[in-house]
Structures are given as structure tokens and as C-alpha cells.
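Notebook open, coffee poured. I want to look up sheets, a few single residues and the empty spaces inside.

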Amino acid sequence: MYLNREEGSNSKGSVSLSVFLLSLAVTVCAVWLVALCGVCGWCQRKLGKRNKPGMETADTPDSARGRGEKKAIKGNKPANSPKGQPPDADGQSTVTDLANSLTGDMVMLSPGSEDDDGEGPISEKLGRIQFSIGYSFQNTTLTVKVLKGQDLPAKDFSGTSDPFVKIYLLPDKKHKLETKVKRKNLNPHWNETFLFEGFPYEKVRERTLYLQVLDYDRFSRNDPIGEVSIPLNKVELGQLKTFWKELKPCSDGSGRRGDLLVSLCYNPTANTITVNIIKARHLKAMDIGGTSDPYVKVWLMHKDKRVEKKKTVTMKRCLNPVFNESFPFDVPAHVLRETTIIITVMDKDRLSRNDVIGKIYLSWKSGPAEVKHWKDMLARPRTNVAQWHSLKA
């Protein structure tokens, strides 16, 4: 009996030892598998990958505004002067953001210089305007002659503009005079005379002559080109004097809508143009809370026909968004000269129509900055050529 109990004890001990060794082996294998998963980044990438939601948007052009014509104004009424809009602080972004979004080498350009780092303010040439001012003491009448414009920027995707001039005597903005529209002309000659009648000389000296050049648009809001203002107390009004003045961005904020950094890459072998929407800065606030929900639409145009549209995701409550999204378009070489890429920055609105913040027209016949970018893209095939552009109305 003693021997049987001893043999039974040995048998039970062997089973316990086997179970212990098996548990230890399973534990070691589990630890090894966990360590292997920790080293492997595949699981982390699959778990951490973020899907971009699709956005459905609506785009309706602004309603057209009619324009009446006047050639003289009598008397004067006060009004509010144009209001300025302070720029917002630039958002945080890194070189890594741009590098991750681009394939191959990226060439940074600006409208002013190829050596610019791309982060300075954009000073696009707006052209200049010639006009004359004189005052008749006998008739108590101020005479303003709008003569001509020179080197105006193109506002239409056809590479031209339809400019006209509005004339005010600030601070009165309720009463204005307008020139005729000069169709498809970047160097217009107006040669029109306007009379402000019934203004005593003392009152005239308190006024500021304000000229605003705009691009007429029949189907949407007129696009501001630039402005000139000259205090009349600084002008000798006894005889008609002629001035040349450089146009400046409109101080009421209508001419400043923010900037967009875009890169273009032309592949002549694949017959493609890749448009990379990198980031925007100082976008105009379109919401009551002083911010916007921007996204970008990219249209490929052949002549005046829309061929293809693509768009980015919407960035919530952001005036300096970083998009880093690329869109390839098929563009055969024989239609390059008739191709235009229209980039529109929109403000998403759930309760009403989406608002247009600003646009860019890229082609071989757009404005000077746009044409420069287009030519640089063609001169550097298979290279991402990036450039800042000022958004236009």
C-alpha cells in the first residue's frame, strides 16, 4: 500500500509539472506575439488611419446687380467711410506637412520673385489710373475727368477684364458717378467728365476724392480691381490738374479675401496636370462668429465648357486651413492652350447657400501671377511647382 501511494503521488506531480510547463510556454508565446505587434507598425497604421468624409455642397452664384448712369451730382450728404478688416493670425504648419503631400521635388515660387520663401505678403500689381481734378469758383462746381487706366489685372478666366470706375466724394458714399464699361480691355480709355455741382469751395476742401476701379460682371457681383483716394485739401484746385496714381487694394475689405498656396505638376508622358491644394492663409471671415468653414473646389475647363470637378474636405472654423490634397486631371497636350483651371475657396454653410470666399484662374492667358505659375509648370515637367495666389472675388 505504501508503494502504491508513492507511485500515485509521483504520477500527480508529473501531471502538475506538465501543466505548468505548458502554461509557461503559452505565456511566452503570447508575450512574444504582443512584442512583435508592438514592433510592427502595420497594426498601428490600420488602427490610426483616419478616413476623410465626403462632403456634399451647393454653389449658387451671387445675384446680378444693375447699374445706373449719372454724369453730375448736386449738393452733398454724409455717409459712412469704407471699413477696414484686420487680418487674422497665420495658422501653424510645418515643412513636413508640405513634403508629405508632394511627390518629387517642389519648387516654391511667388508672384514677385523666384527667390521668395513664399511666406511674405503678396503685392500684386493692380495697374494705375489717370484722372484730372479742377474747381470752378464761378459755378461752385468740382470737375473730375477720368481719362484712362493702364496695366489692369485680368479678372475673367478669358484673360481680360471689363473695367469701369466709380467716383465718390467721401465721406458721402450714397451718391456716386460711374464711367462706361470698356469691354475686354486692360488699358481702357474712358475720357469722361463728371461734375459735382453746388459745392462751396470750403466744403470741397473737406472732401476726399475716391475712385474705385471694378470689373463688370453681368451675371454675378462686380469684382473690385483697386482704388485711389486723394484728399482735396492737398490739391490746388484753381486749374485742372492731371494725376497718375497706382491702384491699391480696396480698403473696405472687398479686395482682400486671403491667399492660397497651390502646386502644379505637368506630366507630358501621361498627359496629366496634378493640382495640389496645399494651404490657405488670412481667409475672409464669412460667418457671424468671425470665422469660416472653408473647402476648395477645382474645375477643369476646356474653352468655356466645364469638364471635371473635384473638391477637398471642409475644415471647420478655420481661417488658415491646411488641406494637402492632390487632384490629377487628364489634359492632352493639344488642348493646353485652351485649358483653364478654376480654383474656388468656399465657405460651407448648413443653413443657407455656401458662400464664395475667392477664386483663382490658372491658364496661359490669366493674370500676370497666374500666367507665371502656368509657364513655370510647363517649363519644369514632372516637378511640383508651388506658388501663393491672392484670392479674387
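Ground rule before I start on pairing: I call two strands paired if DSSP finds at least two bridges between them. Also for the record, this is a predicted model.

**Entry 1: the sheet with E9**

I looked up E8 first. Strand E8 (residues 208-215) pairs with E9 in the antiparallel sense, over 8 bridges. For one register point I took Tyr210, which stands opposite Ser229 in E9.

Then I checked E8 against strand E5 (residues 163-170). Those two run antiparallel as well, joined by 8 bridges. Here my register point is Val165, whose bridge partner in E8 is Val213.

Putting the pairs together, I get an open sheet of 4 strands, ordered E6-E5-E8-E9, with antiparallel pairing. The edges are strand E6 (172-178) and E9; each has a single partner strand, so one side of each has no neighbour in the sheet. I noted an average twist of 25 degrees from one strand to the next.

Next I asked myself: how many of the 9 residues of strand E9 are buried? I count a residue as buried under 20% relative accessible area. The result for E9 (residues 223-231) is 7 of 9, so the strand is largely enclosed by the rest of the structure. I put that beside its place at an edge of the sheet: the missing neighbour is a statement about the sheet, while the burial count takes in the rest of the structure.

**Entry 2: Glu236**

Moving along from E9, I looked at Glu236, which sits in the loop between E9 and strand E10 (241-246). Buried or exposed, I wondered about Glu236? Its relative accessibility is 57%, so Glu236 counts as exposed, the cut-off being over 50%. I also checked Glu236 against Gly134: they are 102 residues apart in sequence, and their C-alpha atoms are 8.1 Å apart in space.

**Entry 3: the sheet with E17**

I found another open sheet of 4 strands, in the order E14-E13-E16-E17, again with antiparallel pairing. Strand E14 (305-311) and E17 are the edge strands here, and with a single partner strand each, one side of each is left without a neighbour in the sheet. Neighbouring strands of this sheet are turned by 20 degrees against each other on average, direction ignored.

Inside it, I looked up strand E13 (residues 294-302) and E14, which pair antiparallel over 6 bridges. One lysine faces another there: Lys297 stands opposite Lys311 in E14.

**Entry 4: Trp388**

I picked out Trp388 in strand E18 (residues 384-390). With a relative accessible area of 2%, Trp388 is buried. Its C-alpha lies 8.8 Å from that of Ser263, although the two are 125 residues apart along the chain.

**Entry 5: cavities**

Last job: the empty space. Rolling a probe the size of a water molecule over the atoms shows where such space is left. I got 3 cavities of 30 Å³ or more, and the largest has a volume of about 60 Å³.

Which strand gives the largest share of the lining of that largest cavity? It is strand E17 (residues 355-362), with 3 residues. The lining residues include Lys359, Ile360 and Tyr361, along with Asp156, Glu370 and Lys392. By class, I noted 3 nonpolar, 2 polar and 5 charged residues in this lining. Domain 1 (128-253) and domain 2 (258-391) each supply at least three of the lining residues.

Terms used:
Residues numbered from 1 in each chain as written. Predicted model: local features only at pLDDT ≥ 70, side-chain atom pairs only at ≥ 80, totals over all residues. Heavy atoms only, no water. Buried < 20%, exposed > 50% of the residue type's maximum accessible area, 1.4 Å probe, protein only. 1 Å grid on protein atoms, 1.4 Å probe; cavity = no way out; pocket = protein on both sides within 12 Å on 5 of 7 lines; lining within 4 Å. Points joined across faces, edges and corners; volume = space filled by probe spheres on them. Nonpolar A, V, L, I, M, F, W, Y, C, P; charged D, E, K, R; others polar. Domains from an automatic or database assignment. Axes fitted to C-alpha atoms, helices over the stretch in contact; angles between N-to-C directions.
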